[in-house]
Amino acid sequence: MDKLTLGTRNVSIEFPGVKALTDVNFEVSTGEIRALVGANGAGKSTLMKVLAGANPDYTGEVYLNGEVVELRNTMAAKKLGIQIVYQEVDMALVPTLSVAENVMLNDMVMSSGRSPLLHWASLRARAREVLERLHINVNVRALVQDLSLAQKQMVLIARAIANECNFLILDEPTAPLSDTETAELFRLVKHLQETENIAIIFISHRINEIIQICEKYTVMRNGEIVDTSPITPDTTTREIVEKMLGRSFEENFPKEHVPIGEKAFEVKNLCGADGKVNDVSFYVRKGEIVGIAGLVGAGKSELCKTIFGAYEKTGGSVHLNQNELKISNPSHAVKNRIALVPEERRKEGVLVNETVSFNLSAASLGKFCTASFISKAKTDANARQYVDSLGIITPSIKQHVRNLSGGNQQKVAVGKWMAADCDVYIFDEPTKGVDVGAKQDIFRLINDITKRGNSVIYASCENSELLSITDRIYVLYDGRVMAELVTAATNEDEIMHYAVGSTTKYA
């Protein structure tokens, strides 16, 4: 097969108040699996959006096989065989359309100008064929809004390869996937590389996965490419991370010792979320971090949202300081001093069209009021505090959150609840899409929460994080608690034993 080469020469791009890319020279060829890594705000997604036609205001040149091409819109990129699958799946899908319509959306848009008629049976058949290549067992007639986050991710990947594709960009593709789904994705990636000669560009913070699947890695820092190296049997996570950060790095975050107080928060026989939470009971003490473990689809997010009132509770009770709470919506939860940092930050965690300053005060505006007026000086002072403590990369606290990188949006979603000074903090996959340095900032702030005597619930499918930061862990399977574990006395194998549904005691 002929090899195609896609690259940039001295590509730069500026957003209001920030130079996002500076004279970037990047090149990738078909038949190659390349990792693109860097801290949040390093410029990874910005560069890939240039190649995908989504950042038209770049300077410099983009070339395909040595010939300069203009990628000033996404259609131009798609016609050249460049496809991108974004991290924020709900922003790229049409929830009220079927799986088949979403998979074949590019064809539907391009054919609409030629004929107003669509052959629905043919469209569904082609969509089904693509999904079968991915081994995805999803009804093509199902509405996307009814799918899990993992299924939505796979629908997007199916859409990308449904059309002629020479260069496939995957932005944090494994973030919502289980281990089994990730393994299947890797099998597909290898197939696309070896059989169809497609170049795969992986943007990921999961360095162990990069080492497993990629052949080379390119490191970005502060809008520039600082290194491109092959991945060999001697390549280590530490080596890549230190190039990303430009400094040495301590991999494990040490759990700080915090005195554990009396029982503060308790869930008793909780049911809800359309049957996805089943008879769940657990408790959290003051100053304690309790982990909620489980595979993708185990019910972790549903449990968090049911407690917070975002999903309907059909049974059981929630108690704070021995008082039963009546929570039927999120505003009731906030009034009862319960905070939730949700998994899908752009959809649920931040107001993307508002400023960093407004977002960081949005959960506790009453604190920043003088009489009935919001004090700009107070909200700005609060914003500066959390921009510094969380390491939020932004040119100004007046920057709109939509212009921040995904990881920095996550930091804003965390920071707004830090200012609220709640009694119970619920974190649902708080480090999803966040670089290793930012994870340490978030872990440090979570420790600070417990030092104030507050309680933390930390839901994550990253068992290494749970073992690093929690005091106890409850393992979910199919919406039920399978085990309660003391973190200091357990390990990843025991967590996985119960996470796959084992009812026997771990030996």
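Which residues touch the most other members of the largest nonpolar core? In this predicted model, they are Phe 265, Phe 282, Leu 303, Ile 338, Trp 417 and Phe 427. The core holds 73 residues. Helix 17, spanning residues 436-451, gives the most to this core, with six residues.

Ile 338 offers a way in. Its contacts beyond four places in sequence include two of the other residues just named, Phe 265 and Trp 417. Phe 308, Leu 325, Ile 327 and Ala 333 are also in contact with Ile 338. So are Cys 422, Val 424 and Ile 426. In soluble globular proteins, nonpolar side chains tend to be buried together.

Another core lies apart from the one around Ile 338. This other core has 55 residues, among them Ile 33, Val 37, Val 140 and Ile 231.

Now turn to a sheet. Six strands form an open sheet in the order 6-7-8-3-9-10, and the pairing is mixed. Strand 6 (82-85) and strand 10 (224-230) stand at the edges. Each has a single partner strand, so one side of each is left without a neighbour in the sheet. From one strand to the next, the twist averages 20°. Strand 9, residues 216-221, pairs with strand 10 in the antiparallel sense, over six bridges. Within this pair, Met 220 stands opposite Ile 225 of strand 10.

Two helices meet these strands. Helix 7 (residues 149-162) packs on the sheet and touches strand 6 and strand 7 (167-171). The direction of helix 7 makes about 175° with that of strand 6. Helix 8 (residues 179-194) lies across strand 3 (33-37), strand 7 and strand 8 (199-203). Helix 8 runs at about 145° to strand 8.

Val 219 gives a view from inside strand 9. Is Val 219 buried or exposed? It counts as buried, because its relative accessibility is 0%. Beyond four places in sequence, Val 219 is in contact with Val 37, a member of the 55-residue core. Val 219 also contacts Glu 224, Ile 225, Val 226 and Asp 227, along with Lys 243 and Met 244. Phe 15 is 204 residues away from Val 219 along the chain, and their C-alpha atoms are separated by 21 Å.

Strand 1 runs over residues 5-15 and contains Thr 5. Thr 5 is buried, with a relative accessible area of 16%. The side chain of Thr 5 makes a polar contact, at 3.2 Å, with the side chain of Ser 29. Thr 5 also touches Glu 27 and Val 28, then Tyr 63, Leu 64 and Asn 65, and finally Phe 167, with residues up to four places away not counted.

Ser 364 sits in a loop, between helix 14 (356-361) and strand 17 (369-370). Ser 364 is buried too, with a relative accessible area of 8%. Not counting residues up to four places away in sequence, Ser 364 touches Ala 419 and Ala 420. Thr 379 is 15 residues from Ser 364 in sequence, and the C-alpha to C-alpha distance is 10.0 Å.

Next comes helix 19, residues 492-499. Asn 491 caps its N-terminal end: a side-chain oxygen of Asn 491 lies 3.1 Å from the backbone nitrogen of Asp 493. Glu 494, Ile 495, His 497, Tyr 498 and Ala 499 are buried in this helix. What do the buried residues of helix 19 pack against? Their partners are strand 13 (289-293), helix 18 (463-469), strand 21 (472-477) and strand 22 (480-486). Helix 19 is followed by Gly 501, which has a positive phi near 100°.

Two of those partners form a hairpin. Strand 21 and strand 22 run antiparallel and are joined by six bridges. Tyr 474 stands opposite Glu 484 in strand 22. Two residues lie between the strands, and Asp 478 takes a positive phi near 55° in this hairpin.

Last, the cysteines. How many disulfides does the structure hold? The count is zero. Why does Cys 165 form no bond? Its sulfur is 16 Å from the closest cysteine sulfur, in Cys 214, and that is too far. Cys 165 is buried, with a relative accessible area of 9%. Cys 304 has its closest cysteine sulfur in Cys 461, at 12 Å, also too far for a bond. Cys 304 is buried at a relative accessible area of 2%.

Technical notes. Residues are numbered from 1 along each chain as its sequence is written. This is a predicted model: local features need pLDDT of at least 70, side-chain atom pairs count only at pLDDT 80 or more; totals for chains, interfaces and linings use all residues. Side-chain values use heavy atoms; hydrogens and water are left out. A disulfide is a pair of cysteine sulfur atoms within 2.5 Å. Buried means under 20% relative accessible area, exposed over 50%, partly exposed in between (1.4 Å probe, protein chains only). Helices (H or I, at least four residues) and strands (E, at least two) are DSSP runs, numbered from the N terminus. Contact means heavy atoms within 4.5 Å. A polar contact is a pair of N or O atoms within 3.5 Å; within protein, one must be able to donate a hydrogen and the other to accept it, and residues adjacent in sequence count only if both atoms are side-chain atoms. Two strands pair if DSSP finds at least two bridges between them. Axes are lines fitted to C-alpha atoms, for helices over the stretch in contact, and angles run from 0 to 180 degrees between N-to-C directions. A nonpolar core is a set of buried Ala, Val, Leu, Ile, Met, Phe, Trp, Tyr and Cys residues joined through side-chain atoms within 4.5 Å.
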